[in-house]
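Please read the following account with the sequence and the 3D structure open beside it. It goes from single residues to strands and then to pockets.

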Amino acid sequence: MPRLEITADGFRLGDRPLRIISGGLHYFRVHPEQWADRLHKARLLGLNTVETYVPWNLHAPRPGVFHRDGGLDLPRFLDLAAAEGLHVLLRPGPYICAEWEGGGLPSWLLAEDGITLRSRDPRFLAAVDGYLAALMGVVKPYLSSNGGPVLAVQLENEYGAHGDDTGYLAELAGLLRAHGVDVPLFTCDQPADLERGGLDGVLRTVNLGSRVAAGLAELRRHQPAGPLMCSEFWIGWFDRWGATHTTRDAADAAADLDRLLAAGASVNIYMFHGGTNFGFTNGANDKGTYRPTVTSYDYDALLDEAGDPTAKYEAFREVISRYAPVPAEPLPAPAVKLSPSTVELDSSAGLLEHARSLGSAVEAATPLSMEQLGQDFGFVLYASVLPAEGPAVLRIAEVRDRAQVFVDGQPVGVLERERHEHALAFTVPRPGARLEVLVENQGRVNYGPGLHDRKGLLGPVTVNDAALARWTSRALPLDTLDAIPFAPAAPLAGPAFHRGSFALDRPADGYLALPGWTKGLAWINGFPLGRYWSRGPQTTLYLPAPALRPGRNEITVLELHATATRSVELRDRPDLGPTQE
């Protein structure tokens, strides 16, 4: 395949002009057995390109490691895109935002005291160098200059909203080139940030969701010649716990797509298919108040979370057909869904009682952060001894992010970062009572100045204004549940795992609903579906068909609070909550 060229009036690929009509599709948010289906539907829409970020934190959970198997098999994703005749825009970061845990930056960077992310800090740049060396060793054969589908590679991500150090951007560009990237680079920024986020010699693109003419005019002001491109045309939005489900009218979004294409611009639709923040991978925002993002990344996209075309898909297809060829093939019907049913969870195991089987404890004078424990995701269980009985006030400088407090195994209260809570009063029943604090990482901040988001109990922790003598800090990543000894269900006061099974003749997509449950996580056959929370708006979790199997299937739920129910529901449609456009 010829190399993409940037000319004074647009893109060229070989001897032909090219208008990029792309859609966002993050391979790491979609079950790998569903990649081909989503890519096929991208081509049927009329797209000639797909865009994906690359999550550094998943590929490299430890320094010197680079995973590329299963859902991280990027070469397979690129092969499937090429098989559909689609080009690829690759966005490797190192920072990606994406409403993704920590903006894709690995948590082990924060084990370095004083490190400055997204900067020329030598420790950060050395880590980026190692990451790009590993990544480009995999990706280089897929660059269009080598006959592959990758047309262009993004440099950083909306850097103008974060800083203005062009020297940092130049360092990153140099690293990409040094590791073999010989296709065009590009930056993306919102209109007000185009000057700060750009680098001379690198194509600037704009991100917007409305006010198309003004946004393109601002891009042209900063870049008088060259292609007009919107790298993120926002057609929906993400949701946070405790709010409503955000949607955007299909006709309104389609009208803005028409304005972009009528102006001669190239476009990347964000998102074509949003997918799911499986497991613990959601991000968070903090503009004075911490706000974690929900599990679903439906984004009110063209394909819904299960990959079915929406009314917005049909509206966009009609607009695209005015400007580019659209395959004369029928749209695929929505996938078959599971029949609604109820599943009894008839065995259980207390988390506090079996914590030793889930992770090792480290003793220290003070609580250790998740990063000091070498942990990415999950929980930390802290424990100490209360020296005296009677009234007590626990004070914690920083709760990151949600702390459940127990005395001799009994719950005495919850402290939430989101609610700016730092103190809890309770009564100690006896000298030597055991204090335990279970802290959930609800998602590292992915945008803004709060990016250096270390997790756990941070800063001084006191009881009645006195420090406790010793602490143990036990990492509970919950990356495997194999060691949990389940037994017939019995009443449990604290957090507990609950398990049950159901049989299927044929796997199909579905949704897990947990009416009567409060907060926790769910797995299907060991596959992490993500978090649920009665706070909403989302009340169902997407069950991808490839995570199911013919015959017996096993559901595991970690409920963080006492529950009176023992059943969950399989449903044939999602409930993402009340909407707000």
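Lys312 is buried, with a relative accessible area of 4%. Here buried means under 20% relative accessible area, exposed means over 50%, and partly exposed is in between, with a 1.4 Å probe and protein chains only. This is a predicted model, in which local features need pLDDT of at least 70 and side-chain atom pairs count only at pLDDT 80 or more, while totals for chains, interfaces and linings use all residues. Residues are numbered from 1 along each chain as its sequence is written, and side-chain values use heavy atoms, with hydrogens and water left out.

Lys312 belongs to helix H9, which covers residues 311-321. Helices (H or I, at least four residues) and strands (E, at least two) are DSSP runs, numbered from the N terminus. What does the side chain of Lys312 reach at 2.8 Å? The partner there is the backbone oxygen of Ile235. A polar atom of the Lys312 side chain also lies 3.0 Å from the backbone oxygen of Arg248. Such a polar contact is a pair of N or O atoms within 3.5 Å; within protein, one must be able to donate a hydrogen and the other to accept it, and residues adjacent in sequence count only if both atoms are side-chain atoms.

Is Glu353 buried or exposed? Glu353 is exposed, at a relative accessible area of 57%. Its place is the loop between strand S16 (347-350) and strand S17 (361-364). Glu353 and Thr52 are 301 residues apart along the chain, and their C-alpha atoms are separated by 42 Å.

Leu415, in contrast, counts as buried at 1% relative accessibility. Leu415 lies in strand S21, residues 410-416. Between the C-alpha atoms of Leu415 and Asn282 there are 20 Å, with the two residues 133 apart along the chain.

Strand S21 leads to its partner, strand S20. The two pair in the antiparallel sense over six bridges; strands pair if DSSP finds at least two bridges between them. Within this pairing, Val405 stands opposite Gly413 in S21. S20 and S21 form a hairpin with two residues between them, and Asp408 in the turn has a positive phi of about 50 degrees.

How many of the six residues of S20 are buried? Strand S20 (residues 402-407) has six of its six residues buried. Arg402, Gln404 and Phe406 are on one side, Ala403, Val405 and Val407 are on the other, and both faces are covered. S20 also pairs with strand S23 (residues 433-440), again in the antiparallel sense and over six bridges. In S23, Leu438 is the bridge partner of Gln404.

Another sheet can be followed from the start of the numbering. Three strands form this open sheet, in the order S1-S2-S3, with antiparallel pairing. Strand S1 (4-7) and strand S3 (16-18) are at the edges, and each has a single partner strand, so one side of each is left without a neighbour in the sheet. From one strand to the next, the twist averages 40 degrees; axes are lines fitted to C-alpha atoms, for helices over the stretch in contact, and angles run from 0 to 180 degrees between N-to-C directions. Four bridges join S1 to strand S2 (residues 10-13), and Ile6 stands opposite Phe11 in S2. S1 and S2 form a hairpin with two residues between them.

The last topic is the pockets. The largest pocket has a volume of about 1,000 Å³. On a 1 Å grid over the protein atoms alone, a pocket is an open set of points with protein on both sides within 12 Å along at least five of seven lines, and lining residues have an atom within 4 Å of a point. The largest pocket is lined by 40 residues, and Leu58, Gly279, Thr281, Asp479 and Pro528 lie nearest its centre. Helix H2 (56-59), strand S31 (527-533) and strand S33 (551-559) are the elements that give two or more residues to this lining.

The second largest pocket has a volume of about 330 Å³. Grid points are joined across faces, edges and corners, and a volume is the space filled by probe spheres set on the points. Of the 20 residues that line the second largest pocket, Cys97, Glu99, Trp237, Phe238 and Tyr447 are the closest to its centre.

Methods: 1 Å grid on protein atoms, 1.4 Å probe; cavity = no way out; pocket = protein on both sides within 12 Å on 5 of 7 lines; lining within 4 Å.
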